[in-house]
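User: I would like to learn how to read the features of a protein model one at a time, with the general idea first and the particular case after it. Could we start once the structure is in view?

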Amino acid sequence: MNFRIGYGYDVHALGEGLRLVIGGVEIPHTKGCIAHSDGDVAIHALCDALLGAAALGDIGLHFPDTSDDYAGIDSKILLARVAMLLHEKGYGIGNVDCTISMQRPKLRPHIDAMREVLARTMGIEVDCVSVKATTTERLGFEGREEGVSASAVALIYKM
Ligand code: MG
């Protein structure tokens, strides 16, 4: 089988009083991501991993943040479009693995909901979707609660 892997990384700054949406799930918190879209840092990293695996550019190429079409958009729509694009190019998604780096709040209670939403959005089984959360031990922008970062890897295969 023809396997390919891709890697993605994204960062968003946090601002007071905004919605916090990560991995397609709204998380109760006092801060949310400052972004042109809904600022879903995990989905953005995942989209870049999938696009990277297929050498199809990046999320900014396909969904430019200068376009009003994507203002405030639900990032699940972007992920579904990326999955469809890969499908059109003859690729299936094998599995994905994402790590979110954030000091607060604790993401553990939301991880399984994220996995289910992401799996459904990509049209793959939930056991093919891993989401992990970590802190940076109060170091760096994540640790100071100024922002959140996410990295992701994806394996795809030629169907
Ligand atoms: Mg982003």
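**Strands, a metal site, a helix and a core**

Analyst: Strand 1 and strand 7 run antiparallel and are joined by 11 bridges; please keep in mind throughout that this is a predicted model. Within that pairing, aspartate 10 stands opposite alanine 150 in strand 7. Strand 1 is also joined to strand 4, again in the antiparallel sense, by three bridges, and there glutamate 16 has lysine 31 of strand 4 as its bridge partner.

User: Which residues coordinate the magnesium ion, and at what distances?

Analyst: A metal site is read from its donor atoms and then from where the donor residues sit in the chain. Here the magnesium ion is coordinated by Asp10 through OD, His12 through NE2 and His44 through ND1, at 2.1 to 2.2 Å. The spacing of these donor residues in sequence is D-x1-H-x31-H. Because histidine 12 belongs to strand 1 (residues 3–16) and histidine 44 to helix 1, the pair ties together parts that are 32 residues apart in sequence. Both histidine 12 and histidine 44 are buried.

User: How should I read helix 4, and what span should its 12 residues have?

Analyst: The general idea is that an α-helix has 3.6 residues a turn, so residues three or four places apart point the same way. For helix 4 (residues 111–122), a rise of 1.5 Å a residue gives an expected span of 16 Å, and the end C-alpha atoms are 16 Å apart, which agrees. Its buried residues are Ile111, Met114, Val117, Leu118, Ala119, Thr121 and Met122, and what covers them includes helix 1 (41–53), helix 3 (75–88), strand 5 (91–101) and strand 6 (129–134). After helix 4 comes glycine 123, with a positive phi near 75°.

User: In which sense do strand 5 and strand 6 pair, and what unit do they make with helix 4?

Analyst: Strand 5 and strand 6 pair in the parallel sense over six bridges, one of which can be located through aspartate 97, whose bridge partner in strand 6 is serine 130. Taken with helix 4, these two strands make a right-handed β-α-β unit.

User: Which residues touch the most other members of the largest nonpolar core?

Analyst: In soluble globular proteins, nonpolar side chains tend to be buried together. The largest nonpolar core of this model has 49 residues, of which Ile22, Leu50, Leu86, Ile93, Ile100 and Met122 touch the most other members. Two or more residues each are given to this core by helix 1, helix 3, strand 5, helix 4, strand 6 and strand 7 (147–158), with helix 1 providing the largest share, 10 residues. Leucine 50, for example, is in contact with Leu79, Val82, Leu86, Ile93, Val96, Met122, Ala154 and Ile156, once neighbours within four places in sequence are left aside.

User: Do glutamate 145 and histidine 29 count as buried or partly exposed?

Analyst: The reading turns on a cut-off, since buried means under 20% relative accessible area. Glutamate 145 has 13% relative accessibility and therefore counts as buried, whereas histidine 29, at 21%, counts as partly exposed. Glutamate 145 is in the loop between helix 5 (140–143) and strand 7, and its contacts beyond four places in sequence are Leu14, Lys31, Gln103, Arg104 and Arg138. Histidine 29 is in the loop between strand 3 and strand 4 (31–33) and, with residues up to four places away not counted, touches Leu20, Arg104 and Pro105.

Technical notes: Residues are numbered from 1 along each chain as its sequence is written. This is a predicted model: local features need pLDDT of at least 70, side-chain atom pairs count only at pLDDT 80 or more; totals for chains, interfaces and linings use all residues. Side-chain values use heavy atoms; hydrogens and water are left out. Helices (H or I, at least four residues) and strands (E, at least two) are DSSP runs, numbered from the N terminus. The expected span of a helix is 1.5 Å times one less than its number of residues. Buried means under 20% relative accessible area, exposed over 50%, partly exposed in between (1.4 Å probe, protein chains only). Contact means heavy atoms within 4.5 Å. A nonpolar core is a set of buried Ala, Val, Leu, Ile, Met, Phe, Trp, Tyr and Cys residues joined through side-chain atoms within 4.5 Å. Donors are N, O and S atoms within 2.8 Å of the metal (3.2 Å for Na, K and Ca); water is not among the atoms, so sites may look incomplete. Two strands pair if DSSP finds at least two bridges between them. A crossover is right-handed if, with the strands pointing away from the viewer, the path from the first strand over the helix to the second runs clockwise.
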